[in-house]
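Colleague: I have the chain open here and would like to go through it with you. Shall we take it residue by residue, then step back to the whole?

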Amino acid sequence: MNEQLQKAKDAAYNYLSYRARSVKEVRDKLVQKEFAEEIIEQVVDDLQRQKLLNDREFARRFVEARLGRANGSRKLAQELRRKGIETEIIDEVLGEFAATLDSEERAMGLLGKQAWRYRGLERDKAKRRMLGFLARRGYDAQMARSAVDKVWQELQELEDEVEGS
């Protein structure tokens, strides 16, 4: 086996030893190390044949690892695109997790954890901040507005109870 090919494989195995990577990430790493294009293609093909490199599985694991975080599907799609995952794969994988990722309950739960930030603010300012919070995490506008309205209503009811007692 050609010495350059072995060096490229070793570099790829080392790179994959830390965490799963997308095909693009491995390609970019090998380009950065200045391997020839035909060697890079051969290494990527070998890694895919050995099932060490699979963008669909990478995307699925990537999303699963982030389910506990405050991200909606739009933000995850953006991150996966940045890692070179094809749109078709992104749509398929996010479709599998859509019920979990984009639920209004999840958005309300995230806002509930942040509720202390919005207490005492006037209504429009608080709602603007809540919408911004959800938008930055990739929630679509319609769901975000609905969640914000419900959380704002809950905050008002809590404040009314506190004042009434």
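Colleague: Which helix holds F62?
Modeller: A caution before we start: this is a predicted model. The helix in question covers residues 55-65. F62 therefore has its place in α4.

Colleague: Is F62 buried or exposed?
Modeller: The cut-off for buried is under 20% relative accessible area. F62 has 6%. So F62 is buried.

Colleague: Which residues does F62 touch, leaving out those up to four places away in sequence?
Modeller: Contact here means heavy atoms within 4.5 Å. With the sequence neighbours set aside, four names are left on the list. F62 touches L76, E79, L80 and K83.

Colleague: How far is F62 from L158 in space?
Modeller: Along the sequence, F62 and L158 are 96 residues apart. The spatial figure runs from C-alpha to C-alpha. That separation is 37 Å.

Colleague: Stay in that helix. Is D55 buried or exposed?
Modeller: D55 also lies in helix α4. Its relative accessible area is 13%, and the cut-off for buried is under 20%. So D55 is buried.

Colleague: What does D55 touch beyond four places in sequence?
Modeller: Some partners come earlier in the numbering, among them S22. Others come later, including G84. The full list for D55 is S22, V23, G84, I85 and I89.

Colleague: What separates the C-alpha atoms of D55 and E163?
Modeller: D55 and E163 are 108 residues apart along the chain. In space, their C-alpha atoms are separated by 54 Å.

Colleague: On to K127. Is this lysine buried or exposed?
Modeller: K127 lies in helix α8. Its relative accessibility is 17%. The limit for buried is 20%, so K127 counts as buried.

Colleague: Which residues are in contact with K127, leaving aside neighbours within four places?
Modeller: One of them is a tryptophan, W152. An aspartate, D149, is on the list too. In full, the contacts of K127 are V148, D149 and W152.

Colleague: Now T100. Is it buried, exposed or partly exposed?
Modeller: T100 is found in helix α6, residues 87-101. Its relative accessibility is 42%. Buried needs under 20% and exposed needs over 50%, so T100 counts as partly exposed.

Colleague: Which residues does T100 touch, not counting those up to four places away?
Modeller: For scale, T100 and A115 are 15 residues apart in sequence and 21 Å apart in space, C-alpha to C-alpha. The contact list for T100 has one leucine and one arginine. They are L67 and R106.

Colleague: What is phi of E34?
Modeller: E34 is found in the loop between α2 and α3. At 71% relative accessibility, it counts as exposed. Most residues other than glycine have a negative phi. E34 is not a glycine, yet its phi is positive, at about 65°.

Colleague: And where is K51 found?
Modeller: Phi of K51 is near 65°, again a positive value in a residue other than glycine. K51 is exposed, with a relative accessible area of 71%. Its place is the loop between α3 and α4.

Colleague: Let us turn to the cores. Which helix supplies the largest share of the largest nonpolar core?
Modeller: That core has 18 residues, and L111, Y118, M130 and L134 have the most contacts inside it. Helices α7, α8 and α9 each supply at least two of its residues. The largest share, seven residues, comes from α9.

Colleague: How many residues are in the other core?
Modeller: It lies apart from the largest one. Among its members are Y15, I40, V43 and L47. The count is 16 residues.

Colleague: What does L134 touch beyond four places in sequence?
Modeller: L134 is among the residues with the most contacts inside the largest core. Its partners include Y139 and two other residues named further on, A144 and A147. The whole list is A107, L111, Y139, A144, A147 and V148.

Colleague: Last, the whole chain. What is its radius of gyration?
Modeller: The chain has nine helices and zero strands. The globule rule gives 15 Å for 165 residues. The chain is well over that, so it is more spread out than a compact globule. Its radius of gyration is 22 Å.

Terms used. Residues numbered from 1 in each chain as written. Predicted model: local features only at pLDDT ≥ 70, side-chain atom pairs only at ≥ 80, totals over all residues. Heavy atoms only, no water. Helix = DSSP H or I, 4+ residues; strand = E, 2+ residues; numbered from the N terminus. Rg over C-alpha atoms; globule rule 2.2 N^0.38 Å. Core = buried A, V, L, I, M, F, W, Y, C linked by side-chain atoms within 4.5 Å. Buried < 20%, exposed > 50% of the residue type's maximum accessible area, 1.4 Å probe, protein only.
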